Amino acid sequence: MIIRSVFSKYDADGTGSLETSEVHSMLYELGYFLTPTQLSDVLRQIDVNGDGHVLYNEFLAWWRRADKFRDLDAAEMARRKQASQYFSFFDKDKSGQLDRTEFKALYADLVKRHLTTLTEQQALAKLDSNHNGKISFNEFADFANGGYS
């Protein structure tokens, strides 16, 4: 069963349950970097018995009702994974956000690959939609969905 294999992949320590870091890693790879608050909310939804570990049955129930995952076809999942890997490559400190230095490296690569014609300042302004000076994965994903322009 595919769901069992996804669960097993992220059960890195083989305990039969997912810990917070394992759930976080799974969601990050699937293209959803969550803030600590968002992750806590998700864990409260998944961890029905409240023991701090996500058991397979809890995971299965959540997986089936999580619309943002269930409605994605294979091509969409592949695209999100590719975007996540690309973003992760530049997210050197694995914070889920690109600082100015990390952004400059990302921008240089986009230009090198001829993926954008925007200036660095235009790209930053477009990417940093909440104007906090950092680029979150979700901001990057929105930018990538728009064709990097």
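Start with the whole chain in view: of the contacts with a separation of 6 or more, 50% join residues 24 or more positions apart. Keep in mind that this is a predicted model.

Now colour by secondary structure. You should find nine helices and four strands in the protein chain, and going along the sequence they come in the order α-β-α-α-β-α-α-α-β-α-α-β-α. Switch to a surface if you like: the protein chain exposes about 8,500 Å², with carbon and sulfur atoms supplying 55% of that. Of its 149 residues, 41% are buried.

**Stop one: helix H8**

Select residues 120–127, which make up H8, and show side chains for Ala123, Leu124 and Leu127, the buried residues of this helix. Look down the axis: these three cover an arc of only 100°, so they sit on the same side of H8. That fits the usual geometry, since an α-helix has 3.6 residues a turn and residues three or four places apart therefore point the same way.

What do the buried residues of H8 pack against? Add helix H7 (100–112), strand S4 (135–136) and helix H9 (137–145) to your selection, and you have the partners.

**Stop two: two histidines in loops**

Step back to the loop between H7 and H8 and pick histidine 114. Its phi is near 60°, a positive value in a residue other than glycine. Worth a second look, as most residues other than glycine have a negative phi. Histidine 114 is exposed, at a relative accessible area of 73%.

Then hop over H8 to the loop between H8 and S4, where histidine 131 lies. Here too phi is positive, at about 55°, and the residue is not a glycine. Is histidine 131 buried or exposed? With a relative accessible area of 66%, histidine 131 is exposed.

**Stop three: the aromatic rings**

The structure holds seven aromatic pairs. Zoom in on phenylalanine 89 and phenylalanine 90: their ring centres are 5.0 Å apart and their planes stand at 90°, so this pair is edge-to-face. The two partners differ in cover: phenylalanine 89 is exposed, with a relative accessible area of 54%, whereas phenylalanine 90 is buried, at 6%.

Now widen the selection to Tyr86, Phe87, Phe89, Phe90, Phe137 and Phe140, which ring pairs link into a cluster.

Finish on phenylalanine 89 and bring up lysine 92. Lysine 92 lies over the face of that ring, 4.1 Å from the ring centre.

Conventions
Residues numbered from 1 in each chain as written. Predicted model: local features only at pLDDT ≥ 70, side-chain atom pairs only at ≥ 80, totals over all residues. Heavy atoms only, no water. Buried < 20%, exposed > 50% of the residue type's maximum accessible area, 1.4 Å probe, protein only. Contact = heavy atoms within 4.5 Å. Areas by Shrake-Rupley, 256 points an atom, 1.4 Å probe, with all protein chains shown as cover. Arc of directions from axis to C-beta. Phe/Tyr/Trp six-rings, centres within 6.5 Å; stacked < 30°, edge-to-face > 60°. Lys NZ or Arg CZ within 6 Å of the ring centre and 35° of its normal.
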